[in-house]
Amino acid sequence: MALEKSLSYSFGPFRLEPPARRLTRDGESVALTARAFDTLVVLVENQGRVVTKEELIRSVWNDAFVEENNLNQAISAVRRALHDDGNGNRFIETVPRRGYTFVVPVLEELAPHLPMPATPQTRLVPAPAPPPAAPRRGMDGR
């Protein structure tokens with residue numbers, strides 16, 4: 001059975017697997033709402049650069065009309081999940097009036113994910129063997 005490859009991210013004690021929609025800390029699942037999870041993915045994928053509030057809203061809410069308060073709630077939920085309390089655990093930096101930056105180093109990995117569904121096997125039928133070659137005769141016909 002072939003394995004599908006997917007990108008996952010590791011930072012600190014966390015592992016983020018977007019295709020599986022899973023965040024773990026030291027191997028234990030961390031609960032996040034769908035919007036908070038998507039917000040974290042956007043921040044991690046853009047690690048080290050300011051992601052504007054508008055960019056986050058567009059990416060996470062697909063251009064739906066939402067208030068900035070919805071984004072603030074998602075960022076708050078992500079910070080709680082990451083124990084980002086400012087006391088030595090700092091993952092997300094707020095850039096006043098602009099957006100947010102994911103500030104810790106992120107390791108990207110191509111890792112096995114979910115097994116791909118089995119494809120129907122085509123039964124191969126062997127080709128018939130070629131007929132035996134006629135014996136060669138010499139110049140004298142023997």
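**Figure 1. Contacts between distant parts of the chain.** Among contacts with a separation of 6 or more, 55% join residues 24 or more positions apart. The model shown is predicted. The protein has 142 residues, and 33% of them count as buried. It contains 3 helices and 8 strands. Read from the N terminus, the elements follow the order β-β-β-β-α-β-α-α-β-β-β.

**Figure 2. Helix H1 packs against helix H2.** H1 covers residues 34-45, and H2 covers residues 53-61. Their axes lie 9 Å apart. The angle between the two helices is about 125°. H1 is therefore oblique to H2. Their crossing is right-handed.

**Figure 3. The residues between H1 and H2.** Which residues of H1 make the contact? They are Arg 35, Asp 38, Thr 39, Val 42 and Leu 43. H2 contributes Leu 56, Ser 59, Val 60 and Trp 61. By type, the residues of this contact are 5 nonpolar, 2 polar and 2 charged.

**Figure 4. The largest nonpolar core.** This core holds 29 residues. Five of them touch the most other members: Phe 11, Leu 16, Leu 40, Leu 82 and Phe 102. Several elements give two or more residues each to the core. The strands that do so are E1 (3-11), E2 (14-17) and E7 (99-102). The helices that do so are H1, H2 and H3 (68-82). H1 gives the most, with 7 residues. In soluble globular proteins, nonpolar side chains tend to be buried together.

**Figure 5. Phe 11 inside the protein.** Phe 11 sits in strand E1. Is Phe 11 buried or exposed? Its relative accessible area is 1%. Buried means under 20%, so Phe 11 is buried. Phe 11 is also one of the core residues that touch the most other members.

**Figure 6. The neighbours of Phe 11.** Residues up to four places away in sequence are not counted here. Which residues does Phe 11 then touch? Leucines on the list are Leu 16, Leu 23, Leu 40 and Leu 82. Valines on the list are Val 44, Val 104 and Val 106. Phe 91, Phe 102 and Pro 105 complete the list.

**Figure 7. Phe 11 and Glu 108.** These two residues are 97 residues apart along the chain. In space, 9.1 Å separates their C-alpha atoms.

Notes
Residues are numbered from 1 along each chain as its sequence is written. This is a predicted model: local features need pLDDT of at least 70, side-chain atom pairs count only at pLDDT 80 or more; totals for chains, interfaces and linings use all residues. Side-chain values use heavy atoms; hydrogens and water are left out. Axes are lines fitted to C-alpha atoms, for helices over the stretch in contact, and angles run from 0 to 180 degrees between N-to-C directions. Helices (H or I, at least four residues) and strands (E, at least two) are DSSP runs, numbered from the N terminus. Angles under 35 degrees count as roughly parallel, over 145 as roughly antiparallel, 65 to 115 as roughly perpendicular and the rest as oblique. A crossing is left-handed if the near helix is turned anticlockwise from the far one by less than a right angle, and right-handed if clockwise. Contact means heavy atoms within 4.5 Å. Ala, Val, Leu, Ile, Met, Phe, Trp, Tyr, Cys and Pro count as nonpolar, Asp, Glu, Lys and Arg as charged, and the others, Gly among them, as polar. A nonpolar core is a set of buried Ala, Val, Leu, Ile, Met, Phe, Trp, Tyr and Cys residues joined through side-chain atoms within 4.5 Å. Buried means under 20% relative accessible area, exposed over 50%, partly exposed in between (1.4 Å probe, protein chains only).
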